[in-house]
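Thanks for making the time this morning. I would like to walk through one structure with you and talk about how its helices meet.

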Amino acid sequence: KKDEPQATIWYSEATKQQEPEAEYQVGMMLIKGKGGYAQDEQAGIEWLKKAAAHGNATAKEELAKRGG
């Protein structure tokens, strides 16, 4: 938990470089309302879609679970 703000900064920076794992993590933080992000499931799903499009298998699995 105490490393959560630092992780949020790292993931945010990494998403700028279309890093699939970071896109997945940001998506999940948005869905769950973690890491300083307000809960926003729709925005989280959009990040999962980006991660999946960039090859992240876990994001693809998560989207499949959510019917997308």
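**Helix packing, contact by contact**

Let me begin at the first contact, where Thr8, Trp10, Tyr11, Ser12, Ala14 and Thr15 of α1 meet Ala22, Glu23, Gln25, Val26 and Met29 of α2. Sorted by class, the residues in this contact of α1 with α2 are six nonpolar, four polar and one charged. Please keep in mind throughout that this is a predicted model. As for the geometry, α1 and α2 pack with their axes 8 Å apart and at an angle of about 125°, which makes α1 oblique to α2. The crossing in which α1 passes α2 is left-handed.

Before leaving this part of the chain, I should point to the loop between α1, residues 4-15, and α2, since that is where Gln18 is found. Gln18 is not a glycine, and yet its phi is positive, at about 55°.

Moving on, how do the axes of helix α2 and helix α3 cross? Helix α2 covers residues 20-32 and helix α3 covers residues 41-53, and their axes come within 7 Å and cross at roughly 165°. An angle over 145° counts as roughly antiparallel, and so α2 is roughly antiparallel to α3. Here, too, the crossing in which α2 passes α3 is left-handed.

On the α2 side, the residues that meet α3 are Pro20, Glu23, Tyr24, Val26, Gly27, Met28, Leu30 and Ile31, while α3 contributes Glu41, Ala43, Gly44, Ile45, Trp47, Leu48, Lys50 and Ala51. These residues of the contact of α2 with α3 divide into eleven nonpolar, two polar and three charged. Glu23 and Val26 of α2 deserve a second look, since they are listed in the contact with α1 and again in the contact with α3.

Within α3 there is one side-chain arrangement that I would like to show you: Lys50 lies over the face of Trp47, at 4.0 Å from the ring centre. As for pairs of aromatic rings, the structure holds zero of them.

That leaves the contact of α3 with helix α4, which spans residues 57-65, and here the axes are 7 Å apart and the helices pack at an angle of about 135°. The two helices, α3 and α4, are therefore oblique to each other, and α3 passes α4 in a left-handed crossing. The residues that make this contact are Ile45, Leu48, Lys49, Ala51 and Ala52 from α3, together with Ala59, Lys60, Glu62 and Leu63 from α4. By class, the contact of α3 with α4 comprises six nonpolar and three charged residues, with no polar ones.

I will stop there and gladly take questions.

Methods. Residues are numbered from 1 along each chain as its sequence is written. This is a predicted model: local features need pLDDT of at least 70, side-chain atom pairs count only at pLDDT 80 or more; totals for chains, interfaces and linings use all residues. Side-chain values use heavy atoms; hydrogens and water are left out. Axes are lines fitted to C-alpha atoms, for helices over the stretch in contact, and angles run from 0 to 180 degrees between N-to-C directions. Helices (H or I, at least four residues) and strands (E, at least two) are DSSP runs, numbered from the N terminus. Angles under 35 degrees count as roughly parallel, over 145 as roughly antiparallel, 65 to 115 as roughly perpendicular and the rest as oblique. A crossing is left-handed if the near helix is turned anticlockwise from the far one by less than a right angle, and right-handed if clockwise. Contact means heavy atoms within 4.5 Å. Ala, Val, Leu, Ile, Met, Phe, Trp, Tyr, Cys and Pro count as nonpolar, Asp, Glu, Lys and Arg as charged, and the others, Gly among them, as polar. Rings of Phe, Tyr and Trp (its six-membered ring) pair if their centres lie within 6.5 Å; planes under 30 degrees apart count as stacked, over 60 as edge-to-face and the rest as tilted. A charge sits over a ring if NZ of Lys or CZ of Arg is within 6 Å of the ring centre and within 35 degrees of the ring normal.
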